Amino acid sequence: MDVKDSWSETDSNPVGFSGPLSGPLVTSTTRNSTSSSRKSARFKEEYVEITLDVRDDSVSVQNIRGGDSDMALLASQLGRSKHFGSQLSFKLKQVSQELKRITSSKRFDRVDRAKSGAARALKGLKFMTKNVASEGNWSEVEKRFDELSINGMLPKPQFGKCIAMNDKEFSGALFDTLSRRGGIELSSITKPQLREFWEQITDQSFDARIQIFFDMVDKNLDGRITEDEVKEIIALSASTNKLSKIQERAEEYAALIMEELDPDNLGHIELYNLEMLLVEAPSQSTNIGTDSRLLSQLLSQKLVPTKEHNPIKRWYHGLFYFVEDHWKRIWVMSLWLAICATLFIWKVIQYKNRPVFHVMGYCVASAKGAAETLKFNMALILLPVCRNTITWLRSKTKLGGVVPFDDNINFHKVIAFGIGIGVGIHAILHLTCDFPKLLHTTDEQYKPMKQFYGDKPDNYWMFVKGTEGWTGVAMVVLMAIAYVLAQPWFRRNRLNLPKAIKKLTGFNAFWYSHHLFVIVYALFIVHGYYLYLSKKWYEKTTWMYIAVPMFLYACERLIRAFRSGYKSVKILKVAVYPGNVLALHMSKPQGFKYSSGQYIFVNCADVSPFEWHPFSITSAPGDDYLSIYIRTLGDWTSQLKMTFAKVCQPASVDQSGLLRADIGYNQPKMPKVLIDGPYGAPAQDYKSYDVLLLVGLGIGATPLISIVKDVLNNIKQQKETKEESGINHSNKKKPFATKRAYFYWVTREQGSFDWFRSVMNEVSDYDHEGVIELHNYCTSVYEEGDARSALIMMLQSIQHAKDGIDIVSGTHVKTHFARPNWRNVFKSVAVNHTAQRVGVFYCGAPGLTAELRRLAQDFSRKTSTKFDFHKENF
């Protein structure tokens with residue numbers, strides 16, 4: 001007999017029912033007769049007869065006629081499963097739903113899964129990562145169940161934590177879906193039920209995974225997805241992936257999916273539609289040209305790590321590679337250490353031949369040796385912060401080939417550490433060794449010392465209260481304050497300190513404390529003049545060491561003050577973007593020349609008349625304006641943003657940003673801004689390379705955007721030159737060096753793409769030859785293949801195919817999900833640019849520096865492509 005909706009749900013006694021169930025497999029009930037007949041017409045060949053035995057607590061398969069072996073296997077799985085519920089109507093409804101699932105799975109055979117798109121799709125829609133979903137991890141889930149369960153039941157809010165899925169909203173929706181599939185009406189589950197849930201979500205079958213995903217959307221389990229259900233799952237996916245803009249437009253995107261998958265306006269879509277969309281969605285991974293497949297495979301084999309068993313050879317290769325990568329730093333550090341050691345030894349030998357050595361011994365000799373290195377380092381520490389001099393040396397001379405100017409601040413820190421050691425040795429030996437020995441000498445032993453110290457001191461205080469003593473103590477205290485506040489924990493407010501103390505830290509505290517150096521140098525000169533053991537002026541060499549560096553640094557500061565005085569700029573545009581980013585577009589001062597990758601110092605008197613802060617230039621040298629992007633990470637930048645936000649208005653529909661103020665639109669009076677620069681940075685060396693690999697993290701993309709714009713401007717100029725060359729053949733302008741640029745921008749926030757949307761679109765519009773290859777990555781979105789990002793990827797594919805706009809970035813550039821596979825990125829560049837030098841420029845947080853440097857070194861040693869790594873951390 002054919003089962004229909006003719007049973008009664010009011011029967012008081014449960015009745016066993018057994019009989020054949022025949023008819024079209026896609027038809028479970030006669031309530032939707034129209035759609036049933038339509039389905040039967042479409043799939044009239046798909047008939048199979050299944051005889052079921054319906055009992056109080058289970059449904060078992062008695063007989064199967066028709067269909068193939070796969071159908072028999074799927075139907076038999078239905079018979080072995082327990083179903084929760086006691087009413088006959090509910091059990092038959094379960095039968096109907098399971099049969100629909102079997103039918104949908106059979107429809108998948110219509111898709112050619114041998115194709116690359118289908119093969120990739122079969123790897124997708126994973127609810128758990130490979131590591132979490134491994135067989136051995138059920139024991140971990142079981143342990144967490146025991147910890148989180150209440151009276152043997154796991155509450156729904158704890159489900160995500162129990163299965164190691166951090167997204168509460170998505171895990172809650174998954175819990176509801178699996179509960180509906182299993183007929184569970186309670187908001188908590190037992191351990192056996194959890195085990196059943198776990199087996200479903202870790203099932204490696206693509207059919208099972210897509211069915212779960214379909215059921216997440218199809219909340220009434222009728223085998224059809226309506227537009228409202230699509231809207232709900234879009235909102236859920238957007239919320240899970242922190243894509244607020246997609247969440248706001250969920251209704252619009254739901255209509256887009258229905259338009260794509262329901263061309264006949266049936267008002268619903270089915271499971272096979274979903275699979276077709278998933279198969280057709282393009283891959284997000286880094287592509288390598290077909291012609292380079294063989295080379296890519298050979299390269300992969302060559303890059304397989306091999307361990308050298310001989311420890312001597314292993315040590316030799318490690319040392320060789322280290323020297324090859326760091327030879328500039330090595331020779332500079334070696335020279336510095338050699339000078340410090342030479343000065344120390346020279347002074348010790350000098351004092352060994354003086355009468356004072358017989359009283360205080362090596363204590364005084366070592367203290368004076370440390371003092372000599374201290375004089376040298378106090379002079380040297382000023383040179384790395386002479387920014388104008390360093391910029392001139394690296395830009396106008398060839399010293400950049402042998403001197404690591406990019407490490408000027410690091411060298412400044414190393415010298416500061418050396419000063420700290422020198423101060424420590426000098427002060428400790430004087431206070432704990434020299435002075436006590438003098439106090440305890442006999443009158444006969446003290447006679448040679450009288451010409452230096454006068455009458456024999458009566459107590460320890462006599463040494464400290466003198467000019468030599470209090471100036472030394474004051475210097476130590478001021479140096480300690482500046483050194484402590486310069487540490488990242490205090491400078492970046494990383495410590496959870498009480499509010500009263502926290503006000504004394506931060507960048508402002510670092511900036512002001514560092515300017516105590518003026519007092520320190522004054523005390524240093526006084527301290528070096530009033531020496532106990534040196535009375536002749538030419539023996540007091542402190543001023544000789546620091547005279548030239550102090551004069552050079554003073555000239556630097558005067559030049560900066562003079563230059564910033566006439567480089568007052570006019571604000572052309574202000575924009576406040578998501579992610580606490582302030583963009584300033586300013587007029588370019590007359591004669592102001594710079595290179596992409598350089599930076600300027602900015603001062604705003606409305607925030608602080610004395611503070612200057614560095615920011616990378618994002619505009620290109622060919623632009624008629626200057627632009628910088630400032631992320632509010634500290635007290636000064638926060639106040640600057642608040643100051644400019646007061647003169648801004650909410651952005652219009654056709655404008656980017658949250659707040660804006662543009663010249664010519666009733667622009668209010670802007671705060672006065674001064675600039676100083678430009679100054680050299682690692683990124684400015686990009687012109688030395690034919691191929692560029694630019695990597696920016698978050699706001700670290702700012703100097704690299706300037707490079708991209710410069711390359712783009714040169715593409716435009718070359719196009720204009722070609723058009724003019726037909727008329728005038730006398731153009732002898734030097735061609736632009738860069739032939740290819742790969743730009744990878746990784747950010748965690750969707751709103752960040754608003755910062756440089758116009759640049760991205762401009763590249764897409766003008767770079768027809770593909771010189772610039774843009775790759776945007778949004779790390780808040782789960783990686784390709786994860787069920788939590790599957791719908792976003794489908795929606796992205798539809799939207800981009802329709803109008804060429806990416807739904808995540810709002811640009812023509814498609815956004816990749818999660819983090820890049822950097823090894824594949826380097827591999828792709830190495831395959832496409834054999835026997836070439838590639839400039840790798842990275843700007844961002846220090847965490848990625850080591851990996852990129854290691855990959856650049858690895859590929860340079862094992863391939864014909866040479867990668868030169870440059871970094872700029874913030």
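Student: Is Phe-756 buried or exposed?
Tutor: Keep in mind that we're looking at a predicted model. Residues count as buried when their relative accessible area is under 20%. Phe-756 has a relative accessibility of 1%, so it counts as buried.

Student: And Trp-755, buried or exposed?
Tutor: Run the cut-off again: under 20% is buried, over 50% is exposed. Trp-755 comes out at 1% relative accessibility, so the verdict is buried.

Student: What kind of ring pair do Trp-755 and Phe-756 make?
Tutor: To describe a pair of aromatic rings, you take the distance of the centres and the angle of the planes. Planes over 60 degrees apart count as edge-to-face. For Trp-755 and Phe-756 the centres are 6.3 Å apart and the planes are at 90°, so this pair is edge-to-face.

Student: Which residues do ring pairs link into a cluster with Trp-755 and Phe-756?
Tutor: Ring pairs need centres within 6.5 Å. Following such pairs from Trp-755 and Phe-756, you get a cluster that also holds Tyr-577, Tyr-629, Trp-745 and Phe-753.

Student: Which helix gives the most to the largest nonpolar core?
Tutor: Start with the core itself: it has 92 residues, and Phe-743 is one of those that touch the most other members. A helix contributes eight residues to this core, spanning 787-803, and that's H32.

Student: How far is the charged end of Arg-354 from the centre of the ring of Tyr-351?
Tutor: A charge over a ring has to be within 6 Å of the ring centre. The charged end of Arg-354 sits over the ring of Tyr-351, and the distance to the centre is 4.7 Å.

Terms used: Residues numbered from 1 in each chain as written. Predicted model: local features only at pLDDT ≥ 70, side-chain atom pairs only at ≥ 80, totals over all residues. Heavy atoms only, no water. Core = buried A, V, L, I, M, F, W, Y, C linked by side-chain atoms within 4.5 Å. Buried < 20%, exposed > 50% of the residue type's maximum accessible area, 1.4 Å probe, protein only. Helix = DSSP H or I, 4+ residues; strand = E, 2+ residues; numbered from the N terminus. Phe/Tyr/Trp six-rings, centres within 6.5 Å; stacked < 30°, edge-to-face > 60°. Lys NZ or Arg CZ within 6 Å of the ring centre and 35° of its normal.
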